[in-house]
There are 2 protein chains.
Amino acid sequence: MSKQGTSLTLVDLSADTPCCPPLAQRRVPAETAAVLAPAFKALGDPVRLQLMSMIASAEGGEACVCDLTPAFDLTGPTISHHLKTLREAGLVDAERRGTWVYYRARLGILGQLAALLAVEPVLVA
Amino acid sequence: MSKQGTSLTLVDLSADTPCCPPLAQRRVPAETAAVLAPAFKALGDPVRLQLMSMIASAEGGEACVCDLTPAFDLTGPTISHHLKTLREAGLVDAERRGTWVYYRARLGILGQLAALLAVEPVLVA
DNA sequence: ACGCTGTCTTGACGTCCGTCTAAGCAGAGA
DNA sequence: TCTCTGCTTAGACGGACGTCAAGACAGCGT
């Protein structure tokens, strides 16, 4: 987890990096913004926001693509494309188990984004 | 700026609407996603994320365009365009006082977005 | 009143994004 | 092995986005 991964197209955002104080407390540096903005951009589409919610709120924290796809009036490839976007943003993980592919939310990343937007100091249980 | 925001294409997101439980607790409905996604999309650009942070973390909660613009290697109109995007997303308010225009962050909206992303229940003081 | 300074709007251009159809790949079952 | 089902990738197309240069508008100072 050394910080050498600067050439990544993908977001790093390992959960063990506390990442940053609230946006409203200290000005976000350019490099940090460059790393975090793609995550927000990934959530900036209604379909992906719903996908993210369906995955994160699913039983066991994971959802099958076969359950996600029929929830939208979109073709399979389009849903797959959106899931890939979420994956590349580091927001979800994919795992194939037999016939089906399951997606699991990275709650740590989600929590970091929440902390960044938090106005009041966030108290975590 | 006589726009009072009644016929809106703009996001409503009034601070008095609790809006929604955490994304990871209950599935976000399509209409809610359609309203919230533009706010995340607005934060999905490194420049706007920095602008948002600079405004929210500024003294008195507001920042002058004349302070924001020179912080980037971008032209004035481009910064103005990004600020308009933040304004239309309901994330900031603009006010002209004499020569300069000041932008103020809508912390309530920011807090709602944070609450939506929150994984653990958020305790607000 | 006049010009000056600061900000916003307009119009344009290149790139990226969301969506589709068609094709490719991976497992499961017969 | 062959085929069927489920998911992803590839290619294409229309629309939206980020950026800039040029022009327009609003206040201030002389």
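The following legends describe close-up views of a predicted model with chains A and B and DNA strands C and D.

**View 1. Chain A is built from helices and strands.** Five helices and three strands make up chain A. Read from the N terminus, its elements follow the order α-α-β-α-α-β-β-α. Chain A has 125 residues, of which 40% count as buried. When contacts in chain A between residues at least 6 apart in sequence are considered, 63% of them join residues at least 24 apart.

**View 2. Strands E2 and E3 of chain A form an antiparallel hairpin.** Strand E2 (residues 92–97) and strand E3 (residues 100–105) of chain A are joined by six bridges. Within this pairing, A:Asp93 has A:Arg104 of E3(A) as its bridge partner. Two residues lie between the strands of the hairpin, where A:Gly98 adopts a positive phi near 70 degrees. A:Gly98 is also one of the residues that come nearest to DNA strand C.

**View 3. Helix H2 of chain A is largely enclosed by the rest of the structure.** This helix spans residues 46–56, and ten of its eleven residues are buried. Among them are A:Pro46, A:Val47, A:Arg48, A:Leu49 and A:Gln50. Further along H2(A), A:Leu51, A:Met52, A:Ser53, A:Ile55 and A:Ala56 are buried as well.

**View 4. The largest nonpolar core includes residues of chains A and B.** This core holds 71 residues. The members that touch the most other members are A:Met52, A:Ala114 and A:Leu117, together with B:Met52, B:Ala114 and B:Leu117. Leaving aside residues up to four places away in sequence, B:Met52 touches A:Leu23 of chain A and, in chain B, Leu43, Leu86, Leu91 and Ala105.

**View 5. Chains A and B meet through the same surface.** The contact draws 39 residues from chain B and 38 residues from chain A. On the side of chain B that touches chain A, helix H1 (30–42), helix H2 (46–56) and helix H5 (107–117) are the elements that give two or more residues. That side of chain B comprises 28 nonpolar, six polar and five charged residues. Of the interface residues of chain B, 97% are interface residues in chain A too.

**View 6. The two copies are related as by a two-fold rotation axis.** A turn of 180 degrees with a shift of 0.0 Å along the axis lays chain B on chain A with an RMSD of 0.0 Å. The two copies are therefore related as by a two-fold rotation axis. The residue of chain B that comes closest to this axis is B:Ala114, with its C-alpha at 2.2 Å.

**View 7. Residues of both chains surround DNA strand C.** There are 25 residues around this strand, and A:Pro77, A:Thr78, A:Gly98, B:Cys66 and B:Pro77 come nearest. Two or more residues of this surface are given by each of helix H4 (76–88) of chain A and helix H3 (65–68), helix H4 (76–88) and strand E3 (100–105) of chain B. By class, the surface has eleven nonpolar, eleven polar and three charged residues.

**View 8. Residues of both chains surround DNA strand D.** Of the 26 residues around this strand, the closest are A:Pro77, A:Ser80, B:Pro77, B:Thr78 and B:Gly98. Helix H3 (65–68), H4 and E3 of chain A, along with H4 of chain B, each supply at least two residues of the surface near DNA strand D. H4(A) provides the largest share, six residues. Eleven nonpolar, twelve polar and three charged residues make up this surface.

Conventions
Residues numbered from 1 in each chain as written. Chains lettered and ligands numbered in written order. Predicted model: local features only at pLDDT ≥ 70, side-chain atom pairs only at ≥ 80, totals over all residues. Near = placed C-beta within 6 Å. Helix = DSSP H or I, 4+ residues; strand = E, 2+ residues; numbered from the N terminus. Nonpolar A, V, L, I, M, F, W, Y, C, P; charged D, E, K, R; others polar. Contact = placed C-beta atoms within 7 Å. Least-squares fit on C-alpha atoms with pLDDT ≥ 70 in both. Buried ≥ 20, exposed ≤ 12 C-beta atoms within 10 Å, placed from the backbone. Pairing = 2+ DSSP bridges. Core = buried A, V, L, I, M, F, W, Y, C linked by C-beta atoms within 7 Å.
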